[in-house]
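Notebook open, structure on screen. I'm jotting down what I look up as I go.

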Amino acid sequence: MAEYRLYRVDKEGHVLGPPEVILGDDDQAAIAEAQRYVDGVAIELWDRTRRVAFLPPVE
């Protein structure tokens, strides 16, 4: 299982605090897990230096 970093991002693109570490067998599994964290802010999901996904906020 790979470790992914999940960052909460505000409307101006600023990272809000330290990342959450989530685990996933592959990118799709990590994206599915990251969707559970989406709320009033966007989520960026990273695998080391590669941005895997950008999940827009749910308002």
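Before I start, one cut-off to keep handy: a residue counts as exposed over 50% relative accessible area, and as buried under 20%. I also note that this is a predicted model.

**Entry 1: the sheet.** I looked up how the strands are arranged. There are 4 strands in an open sheet, the order is 2-1-3-4, and the pairing is antiparallel. Strand 2 (20-24) and strand 4 sit at the edges, each pairing on one side only. From one strand to the next, the twist averages 30°. Helix 1 (residues 27-34) packs on this sheet and touches strand 1, strand 2, strand 3 and strand 4. The helix direction makes about 40° with that of strand 4.

**Entry 2: strand 3.** Is strand 3 mostly buried or exposed? I checked residues 42-47: 5 of the 6 are buried, so the strand is largely enclosed by the rest of the structure. Next I looked at the neighbours. Strand 3 pairs with strand 1 (residues 2-9) over 5 bridges, and with strand 4 (residues 50-55) over 5 bridges. I43 stands opposite R8, and in strand 4 its bridge partner is L55. W46 stands opposite R51 in strand 4.

**Entry 3: the hairpin loop.** Strand 3 and strand 4 make a hairpin with 2 residues between the strands. R48 is in that loop. Is R48 buried or exposed? I found 76% relative accessibility, so R48 counts as exposed. I then checked the backbone: R48 has a positive phi of about 60°, although it is not a glycine. I'm noting that down because most residues other than glycine have a negative phi.

How values were computed
Residues are numbered from 1 along each chain as its sequence is written. This is a predicted model: local features need pLDDT of at least 70, side-chain atom pairs count only at pLDDT 80 or more; totals for chains, interfaces and linings use all residues. Side-chain values use heavy atoms; hydrogens and water are left out. Buried means under 20% relative accessible area, exposed over 50%, partly exposed in between (1.4 Å probe, protein chains only). Two strands pair if DSSP finds at least two bridges between them. Axes are lines fitted to C-alpha atoms, for helices over the stretch in contact, and angles run from 0 to 180 degrees between N-to-C directions. Contact means heavy atoms within 4.5 Å.
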